[in-house]
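Got your viewer open? Let's take a short walk through this one, picking out one piece at a time.

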Amino acid sequence: LKCYTKEPFQFAISGSGALGLCEQGNIPFVQEVFASAQGVHTFFPETDVAIELGGEDAKILFFKGSIEQRMNSTCAGGTGAFIDQMASLLDMDLSQMNEASLHFHRLYPIASRCGVFAKTDIQPLINQGVDKADLCASIFQAVVDQTITSLAQGRKIEGNLLFLGGPLYFLEGLRNRFKE
C-alpha cells in the first residue's frame, strides 16, 4: 500500500460486514449511520435532510435541531437489493433501468415493501405488455414511496435535501419533466 501524502491520516471501516473485518485486522470501526451523518455534516453542512438508499438498507437523517436518524431494520424491501431483484425480473441491468425510467409515460402502483409482493404486482403488467420504461419508473417510485412512508413516518422532508445512492437518473429525469 503506497501513501501519496506526507500528512498523517487515520481511517476506519464502516458498513455491513465491517465489524468482523475490523476485529480481525485490528482496524477501527465506525457505525455506518454515524459515519454518514458525520460525512454529510462535514462536506454538505447546509443539508437539512439526507436520504441514503443502500444495498440492503435505507436511512433518513434529519439535521434540523438535533440529528435524528431512522433506518429500516426488518428487510431489504425498497433498497438496492430490491431494485436488483426487479432488474432481474425485467431482464435488464441497472443502467438500462435508469435510462428506461427517463422515458416513462405512466406510473403503476408497485408494492416495494417486499420483493415477493412487488413481483405479484409487476408480473401481470409484464404479461399485459406494459412498456418497460413505465415499469422501471414505477419501481423507482415504489422505492421513494416506501422510504418516505416507512422512514419519514409523518415528519416533513423539507429544506436542503441530499440523496445518497440509488437510481439518480430517474430522479434527475423526473425533476426535469416537472420543470416543463
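Before we click anything, one bit of vocabulary: a contact here means heavy atoms within 4.5 Å. Also keep in mind that this is a predicted model.

Start with Leu-90. Leaving aside residues up to four places away in sequence, Leu-90 touches Met-97, Ile-122, Ile-126, Lys-132, Leu-135, Cys-136 and Ile-139.

Next, widen the selection to the largest nonpolar core, which has 29 residues. Which of them touch the most other members? Pick Ile-60, Phe-82, Ile-83, Leu-90, Met-97 and Ile-139. Now colour S1, S2, helix H3 (80-90), helix H4 (94-101), helix H5 (115-127) and H6: each supplies at least two residues of this core. H6 gives the most, with nine residues. Apart from this core lies another one, of seven residues, including Ala-50, Leu-61, Phe-63 and Leu-162.

Time for the sheet. Show the strands and you'll find an open sheet of four, in the order S3-S2-S1-S4, with mixed pairing. At the edges sit strand S3 (68-71) and strand S4 (161-165), each pairing on one side only. From one strand to the next, the twist averages 15 degrees.

Zoom in on strand S1 (residues 49-53) and strand S2 (residues 58-62), which pair in the antiparallel sense over five bridges. Click Ala-50, and look for its bridge partner in S2, Leu-61.

Last stop: the helices on the sheet. Helix H2 (residues 32-43) packs there, touching S1, S2, S3 and S4, and its direction makes about 50 degrees with that of S2. Helix H6 (residues 132-152) packs on the sheet too, touching S1, S2 and S3, with its direction at about 55 degrees to that of S2.

How values were computed. Residues are numbered from 1 along each chain as its sequence is written. This is a predicted model: local features need pLDDT of at least 70, side-chain atom pairs count only at pLDDT 80 or more; totals for chains, interfaces and linings use all residues. Side-chain values use heavy atoms; hydrogens and water are left out. Two strands pair if DSSP finds at least two bridges between them. Axes are lines fitted to C-alpha atoms, for helices over the stretch in contact, and angles run from 0 to 180 degrees between N-to-C directions. A nonpolar core is a set of buried Ala, Val, Leu, Ile, Met, Phe, Trp, Tyr and Cys residues joined through side-chain atoms within 4.5 Å. Buried means under 20% relative accessible area, exposed over 50%, partly exposed in between (1.4 Å probe, protein chains only).
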